[in-house]
Each structure stands twice: as structure tokens, then as C-alpha cells.
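Take a slow look at the fold below. Then read on for a short tour of it.

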Amino acid sequence: MRCPLPASPHSLGTTRPLLPTCRHPAPEQADTMRIAVHLAAGLTCVAILAPSVPVTAAPPEPRDALLLDEDFRKFRSGLLSDVVDARLEYHYLPVAAPNRGWSVSTFASSIPFQRAWRIVENGGRNVLSQTYANDRYRHTHPMVIAGDPAWNDYTLEAEFAPESGEKRAGVVFCYRNDRCYYFFGVENHEAVLKLVRHETSFRQPREQVLASAPCAISPGDTLHVEVEATGGKLVAILNGKIRLEASDDTYPAGKIGLTSDVPTVYRRVRVSTSAENRRRSAAAVADRDAAERDLQNANPGLRAANASVPRPLR
């Protein structure tokens with residue numbers, strides 16, 4: 001099929017059309033045919049007719065494969081991690097090792113801050129309690145983490161009860177480190193979905209609110225949060241009523257965590273994904289662990305050096 005070319009902008013007074021005119025399919029063919037127009041420079045206009053194939057989005061895979069399901073019932077009562085002072089900045093201490101998969105991620109020099117997370121009895125069962133009122137620090141917040149950096153495309157659910165809605169209390173997801181993660185929960189009487197990314201200056205965190213909505217809660221109210229992180233799409237729901245959405249692909253994967261600046265009781269945490277994604281994540285973790293073992297085996301001198309280090313006096 002041939003069509004006239006558009007007139008040159010320098011051809012004044014021409015009667016040729018400015019746009020090519022081509023023969024379109026009959027009306028009864030409009031739903032099954034489409035036209036792609038290609039202009040060959042200075043010569044012809046060719047229209048190629050091809051069947052249109054309806055595109056149907058594949059349904060999302062069900063997220064019924066558990067990555068984590070924790071209600072803290074099996075934990076022993078007491079501190080989740082003991083006081084470590086500044087020694088942990090340069091040394092590994094067994095007391096700071098993960099407790100049933102959970103690690104205290106942040107703390108300041110004050111003893112109450114370091115003793116913030118503990119297992120206590122509440123309502124006839126053990127729960128995880130954050131007991132410290134963080135009125136002093138803006139650049140760090142009481143936080144515990146679990147999971148693996150390879151986790152991605154997952155749904156995080158948590159049930160918790162903060163003493164107030166004035167300061168932040170909620171969950172962390174796609175966690176990379178203590179200054180790079182997403183937060184969802186309550187803060188300043190709002191439901192807040194937030195990106196935390198390093199800092200703007202010394203002890204001034206760079207935080208970007210991705211979405212928020214007013215949220216009135218009373219002290220001790222039990223809150224249920226659900227977060228879906230899929231690629232760059234984030235969906236966060238509070239108590240099944242407030243729904244926040246945002247598009248951000250800064251952190252496509254990472255661990256999960258709990259954080260609050262007010263005393264808060266956490267009763268349950270659940271993380272799920274699709275069966276296929278859980279298989280991929282497990283394979284990635286296995287590959288990473290194998291690479292680490294290979295590096296360790298290739299450096300026997302490191303093992304000998306560690307064995308010669310004197311044990312600390314008690």
C-alpha cells in the first residue's frame with residue numbers, strides 16, 4: 001500500500017496533506033487488525049496489517065509459602081540481647097548473636113536503650129516488648145531484624161500495640177542496613193509509609209514520606225499492618241482500612257524488622273511469598289553460603305589466626 005508523503009514545510013501553497021493518508025481496515029476488522037506505519041525517507045509510506053493479539057495479564061502467584069511465622073511463644077523470658085557497651089563496634093560477642101533468628105540491630109550507649117528489647121508475658125503468653133521511650137535520638141531507633149538479604153517480593157504482616165501514636169512504631173521491610181530501609185506504621189498520629197536512605201548530614205537521617213494518612217489510635221490499641229513489596233510497587237494497609245500505595249524501587253530486596261520509639265508490644269510477625277520465589281530465594285542463599293565457604297577454605301591462615309587469639313578473661 002502506498003500513501004502520499006507529508007508536504008515539506010518549505011513547500012508553501014501546496015495542496016498535499018500534511019499527514020499521510022492510508023486505507024484503514026473495515027469497521028468489522030477494527031478489533032482484530034492494527035496498522036503500523038513506516039515512512040521510508042523521501043519515498044513511500046507502507047502500512048503493515050497484522051492480527052492483534054489480546055494481552056491478558058497473568059494472575060499474581062499466590063503468596064502462600066511462608067518465609068517466617070513468629071509469635072514469640074517459644075522464647076524464654078528475659079532480654080533478647082544483653083548490654084554490650086561499645087565493644088561490639090570492633091568485636092564479635094556471642095551475647096549479640098541472633099536469638100532464634102532475631103537480632104538487636106541498633107542501640108545507643110545508654111543502658112536502657114541497650115536493654116530495650118525483651119520477652120515478657122502479656123495476656124497469658126510470651127510476646128516481644130520494646131520497653132524504651134526514645135525521646136533523645138533522631139538518627140537511631142530501637143530495632144530488631146530477622147530474615148535474609150535475598151528475600152524479595154514478599155508480604156509482611158505484623159500485630160502490635162504501641163503505648164501511643166505520637167512517635168513511630170511499626171515494621172521495617174527491604175532492610176539493607178540500619179540507615180537503608182522502608183518503614184510502615186504509625187507516627188505523629190498518622191499512618192506513614194517512609195523511605196529511609198542514609199543521611200543528609202551528621203546524625204540527620206534522610207527520610208522521605210512516600211504516602212501517609214490521618215490515623216487516630218488510643219494507647220494500647222492493637223494494630224495490624226500488612227505490607228506487599230513487589231518490584232517497585234509498595235502497598236501498605238493498616239487495620240484493613242487505611243491503604244497506602246507508592247512506587248519506589250530503591251530497595252528491591254532485604255530483611256524485615258520491627259522498630260518503635262515508644263514502648264510497644266509485638267505479638268506476631270508473618271512473612272510469605274510465592275512458592276517459586278521462595279525456591280529462588282533459597283537457591284540464592286545456598287549459592288552465597290557456598291561462595292563464603294570456598295573463600296574460607298582458601299584461606300587456612302585465617303582459621304589458624306582466629307584459633308590463636310586468647311579468650312577474654314571473665
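The paragraphs below go from the whole chain to a few aromatic rings.

Keep in mind that this is a predicted model. The protein has 314 residues, and 37% of them count as buried. Its elements are three helices and 18 strands. The exposed surface comes to about 18600 Å². Carbon and sulfur atoms supply 52% of that area. Now consider contacts between residues at least 6 apart in sequence. Of these, 63% join residues at least 24 apart.

Next, the rings. The structure holds seven aromatic pairs. One of them is formed by Phe-72 and Trp-102. Their ring centres are 5.6 Å apart. The planes meet at 50°, and planes between 30 and 60 degrees apart count as tilted, so this pair is tilted.

Where do Phe-72 and Trp-102 sit along the chain? Phe-72 is in the loop between strand 3 (65-70) and strand 4 (78-79). Trp-102 is in the loop between strand 4 and strand 5 (103-106). The two residues are 30 apart, so the pair links distant parts of the chain.

Are these two residues buried or exposed? Buried means under 20% relative accessible area. Phe-72 has 1%, so it is buried. Trp-102 has 2%, so it is buried too.

Phe-75 joins the group. Ring pairs link Phe-72, Phe-75 and Trp-102 into a cluster. Phe-75 also has a charged neighbour: Arg-100 lies over its face, 5.5 Å from the ring centre. Another arginine sits over a ring elsewhere. The charged end of Arg-168 is over Phe-183, 5.4 Å from the centre of that ring.

Note on methods:
Residues are numbered from 1 along each chain as its sequence is written. This is a predicted model: local features need pLDDT of at least 70, side-chain atom pairs count only at pLDDT 80 or more; totals for chains, interfaces and linings use all residues. Side-chain values use heavy atoms; hydrogens and water are left out. Rings of Phe, Tyr and Trp (its six-membered ring) pair if their centres lie within 6.5 Å; planes under 30 degrees apart count as stacked, over 60 as edge-to-face and the rest as tilted. Helices (H or I, at least four residues) and strands (E, at least two) are DSSP runs, numbered from the N terminus. Buried means under 20% relative accessible area, exposed over 50%, partly exposed in between (1.4 Å probe, protein chains only). A charge sits over a ring if NZ of Lys or CZ of Arg is within 6 Å of the ring centre and within 35 degrees of the ring normal. Contact means heavy atoms within 4.5 Å. Accessible areas come from the Shrake-Rupley method with a 1.4 Å probe; for residues, only the protein chains shown count as cover.
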